[in-house]
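I opened a new notebook page for a structure I had not looked at before. These are my entries, in the order I made them.

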Amino acid sequence: MEQEHASDSRSNNTQDVKRFEGNYWQWIKSELSGWDATPWSIFWFGVSFQLALFLMNKINLVTTITFAATLFGLLCVCAMMVGKSVNGLLGFISAIGFIFVNWNAGHYASVLDQTVFVACIDLPLMFKWRTWGEDFDAKLRHLDRRGWALVLGVIAVAWFVMFHIYSMLGDTNPLWDSLVLSIGATASVMVVMHYNDTYTLWLAEDAVNVLLWFTALKGGYSQSSLPMLVVTLTYFVTAIYGKFYSPWSAKHYQEVKEQGILKN
């Protein structure tokens with residue numbers, strides 16, 4: 001789900017990605033520049049919506065952390081969809097907030113999902129910010145039918161096991177929450193292995209997250225339910241964009257394959 005960086009501020013989806021030679025703040029500036037109107041439009045629309053929700057409801061620790069986490073989360077997924085590795089830093093900050101939000105809501109499986117995401121994606125991007133995207137295209141891999149059968153089998157087994165575990169742990173919504181964890185953790189591992197199919201799983205996870213937070217909204221057991229439902233719907237939109245237009249898209253993989261630069 002995370003992408004690479006380039007020293008010339010371009011979207012990082014080509015084989016000639018170079019090591020960034022400036023300092024960390026210069027890198028952040030370069031990562032947040034050169035975007036087209038689509039990601040920024042999605043981001044500012046989301047920010048406006050979240051700000052309205054924040055100001056219209058009771059302001060306390062939970063709602064404040066939810067608001068901050070959704071803002072960083074929105075910027076993170078917009079960075080992902082244009083291939084910027086600064087999403088590692090942004091994702092780490094948002095994940096800390098989302099861990100608190102999910103724990104407060106009793107979504108204990110989602111707490112683990114966020115932790116796996118940080119370990120597999122955010123931390124490597126943060127520690128290897130100069131070089132993570134080097135030779136990115138050559139590392140891309142693609143699932144065949146057998147691979148998809150294995151992935152879906154792993155998700156199904158994990159869902160069954162996690163549902164029973166989190167039911168015993170008192171999760172407020174073990175059915176959907178355990179599925180979020182099963183899909184999300186699998187997708188995070190696939191990112192580490194450079195499979196370009198991960199956005200299909202992100203789309204599925206976002207859809208399940210919508211169900212999870214809609215249930216929370218109906219049940220009234222979390223102050224964060226409406227902001228989280230809105231931000232998850234925004235995530236779903238960015239995942240659609242990422243699936244079809246990002247460096248992880250099937251179209252880009254085919255272009256790379258035709259160029260003959262894949263290592264696999």
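The entries below go from the whole chain to one helix pair and then to single residues.

**Entry 1: the whole chain**

I noted at the start that this is a predicted model. I looked up the secondary structure and found 11 helices and 0 strands in the protein chain. Along the sequence the pattern reads α-α-α-α-α-α-α-α-α-α-α.

Next I checked burial. The protein chain has 264 residues, and 52% of them count as buried. The chain exposes about 12200 Å². Carbon and sulfur atoms supply 67% of that area.

I also looked at how contacts span the sequence. I took the contacts between residues at least 6 apart in sequence. Of these, 75% join residues at least 24 apart.

**Entry 2: helices α3 and α4**

Two packed helices are described by the angle between their axes and the distance between the axes. I looked up both for one pair. Helix α3 covers residues 61-81, and helix α4 covers residues 87-105. Their axes come within 8 Å. They cross at roughly 145°. I wrote down the hand of the crossing of α3 and α4 as left-handed.

Which residues meet here? From α3 I listed several, among them Leu61, Ile65, Ala69, Phe72, Gly73, Cys76 and Met80. From α4 the list includes Asn87, Leu90, Gly91, Ile93, Ser94, Phe98 and Asn104.

**Entry 3: Cys76**

I picked Cys76 from helix α3. Is Cys76 buried or exposed? Cys76 counts as buried, because its relative accessibility is 3% and the cut-off for buried is under 20%. I left aside neighbours within four places in sequence and found Cys76 in contact with Asn87, Leu90 and Gly91. Those three also stand in the α4 list of the helix pair.

I then took a distance. Cys76 and Ile93 are 17 residues apart in sequence. From C-alpha to C-alpha they are 9.3 Å apart in space.

**Entry 4: Ile93, Ser94 and Ile99**

I moved to helix α4, which holds Ile93, Ser94 and Ile99.

Ile93 is partly exposed, with a relative accessible area of 33%. I looked up one more distance for it. Ile93 and Val118 lie 25 residues apart in sequence and 9.5 Å apart in space, C-alpha to C-alpha.

Ser94 counts as buried, at 4% relative accessibility. What does Ser94 touch? Not counting residues up to four places away in sequence, Ser94 touches Ala69, Phe72 and Gly73. I found these three in the α3 list of the pair as well.

Ile99 has 23% relative accessibility, so I entered it as partly exposed. Beyond residues up to four places away in sequence, Ile99 touches Val111, Gln114 and Thr115. Ile99 and Asp113 are 14 residues apart in sequence, and their C-alpha atoms are 8.9 Å apart.

**Entry 5: His107**

Where is His107 found? I placed His107 in the loop between α4 and α5. Helix α5 covers 108-127. His107 is buried, with a relative accessible area of 0%.

I then listed its contacts, leaving aside neighbours within four places in sequence. His107 is in contact with Asn102, Asp171, Thr172, Asp177, Leu212, Trp213, Ala216 and Tyr221.

**Entry 6: a nonpolar surface patch**

Last, I turned to the surface. Which residues make the nonpolar surface patch of about 620 Å²? I wrote down Val157, Phe160, Val161, Ile165, Met168 and Leu169.

I followed up one of them, Met168. The place of Met168 is in helix α7, which covers residues 145-168. Met168 is exposed, because its relative accessible area is 69% and exposed means over 50%.

Conventions. Residues are numbered from 1 along each chain as its sequence is written. This is a predicted model: local features need pLDDT of at least 70, side-chain atom pairs count only at pLDDT 80 or more; totals for chains, interfaces and linings use all residues. Side-chain values use heavy atoms; hydrogens and water are left out. Patches are made of residues with over 30% relative accessible area and no salt bridge: like charges are joined within 9 Å, nonpolar side chains (Val, Leu, Ile, Met, Phe, Trp, Tyr) within 5 Å. Accessible areas come from the Shrake-Rupley method with a 1.4 Å probe; for residues, only the protein chains shown count as cover. A salt bridge is a side-chain nitrogen of Lys or Arg within 4 Å of a carboxyl oxygen of Asp or Glu. Helices (H or I, at least four residues) and strands (E, at least two) are DSSP runs, numbered from the N terminus. Buried means under 20% relative accessible area, exposed over 50%, partly exposed in between (1.4 Å probe, protein chains only). Axes are lines fitted to C-alpha atoms, for helices over the stretch in contact, and angles run from 0 to 180 degrees between N-to-C directions. A crossing is left-handed if the near helix is turned anticlockwise from the far one by less than a right angle, and right-handed if clockwise. Contact means heavy atoms within 4.5 Å.
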